[in-house]
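Got the viewer open and a hand on the mouse? Let's take a walk through this one, one selection at a time.

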Amino acid sequence: AESPAASGVAAEGRVVAYPGAEVRVGAERGGRLVRVLVEEGAAVRKGERLAEIESDEIRAALAEARARVAEAEAEARLADASRARRQKLAEERVLAAHDLDQATRDVETARARVETARAAVVRYEALLAKSRIVAPIGGTVVARRVDAGQMVDTGDHAFTVADLDRLRIEGEAHEA
């Protein structure tokens with residue numbers, strides 16, 4: 001039996017990830033890298049930390065902001081207790097209405113200070129989160145462009161992560 005003639009097309013091409021399956025990962029803020037946690041070829045999960053930017057000052061500011069929240073909450077409790085006492089005295093007509101109004105203002109001021117302190121905590125937590133370079137998708141680190149000790153600027157390309165389960169071949173073939 002005769003074998004059929006082999007036929008086919010020879011073309012040059014390259015293997016690439018589908019759009020969205022390969023992501024260039026950059027730094028969200030500038031600073032010195034204190035840790036690079038992955039090498040090229042490492043498998044990573046979505047959200048996994050790839051590197052960390054120095055954040056000692058931010059951590060200190062966050063601790064200070066949390067302490068201010070505790071302090072403001074204590075002041076708010078004191079203002080609430082003081083108003084409650086004044087409310088009782090006002091009901092017994094021992095205290096002028098003006099003094100009760102002042103106690104109410106003190107409570108509102110103390111609550112506003114608590115909210116301001118909490119907002120500072122949220123701001124520092126957000127800055128701290130920007131100190132971590134994380135994988136936006138699960139996949140494989142196909143490029144690592146940074147090392148520990150290196151300075152990075154916001155947006156610097158640090159890693160490329162690709163989902164190697166979703167590949168395609170791009171090539172060009174002559175129409176003949």
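What follows is a short tour of a predicted model, with a sheet to begin, then some salt bridges, then a single arginine.

**Stop 1: the sheet.** Switch to cartoon view and pick out strands 6, 5, 3 and 8. Those four strands make an open sheet, and 6-5-3-8 is their order across it, with antiparallel pairing. Now colour strand 6 (132-134) and strand 8 (151-152). Both stand at the edges with a single partner strand each, so one side of each has no neighbour in the sheet.

**Stop 2: one strand pair.** Zoom in on strand 5, residues 49-53. Strand 5 runs antiparallel to strand 6, and three bridges pair them. Which residue in strand 6 is the bridge partner of Arg49? Click across from Arg49 and you land on Val134.

**Stop 3: salt bridges.** Show the side chains of Lys, Arg, Asp and Glu. The count of salt bridges comes to 13. Start with Glu39 and Arg144, whose closest N and O atoms are 2.9 Å apart. This salt bridge links distant parts of the chain, with the two positions 105 residues apart: Glu39 is in the loop between strand 3 (31-36) and strand 4 (43-44), while Arg144 belongs to strand 7 (residues 139-144). Put a surface on and check Glu39: buried or exposed? Its relative accessible area is 52%, and the cut-off for exposed is over 50%, so Glu39 counts as exposed.

Stay on Arg144 and add Asp147 to the selection. These two form a salt bridge as well, with 2.6 Å between the closest N and O atoms. Asp147 has a relative accessibility of 43%, which makes it partly exposed. Next, select Arg35, Arg49, Glu52 and Arg59 together: salt bridges with shared partners join them into one network. You met Arg49 at the previous stop, as the bridge partner of Val134.

**Stop 4: Arg45.** Last selection. Find Arg45 in the loop between strand 4 and strand 5. With a relative accessible area of 60%, Arg45 is exposed. Arg45 also has a salt bridge, to Glu48, where the closest N and O atoms are 3.6 Å apart.

What else does Arg45 contact, leaving aside neighbours within four places in sequence? Show Ala135, Ile137 and Gly138, and you have the contacts of Arg45 beyond those neighbours. Then run a distance from Arg45 to Pro136, C-alpha to C-alpha: they are 8.5 Å apart in space, yet 91 residues apart in sequence.

Methods
Residues numbered from 1 in each chain as written. Predicted model: local features only at pLDDT ≥ 70, side-chain atom pairs only at ≥ 80, totals over all residues. Heavy atoms only, no water. Pairing = 2+ DSSP bridges. Salt bridge = Lys/Arg side-chain N within 4 Å of Asp/Glu carboxyl O. Buried < 20%, exposed > 50% of the residue type's maximum accessible area, 1.4 Å probe, protein only. Contact = heavy atoms within 4.5 Å.
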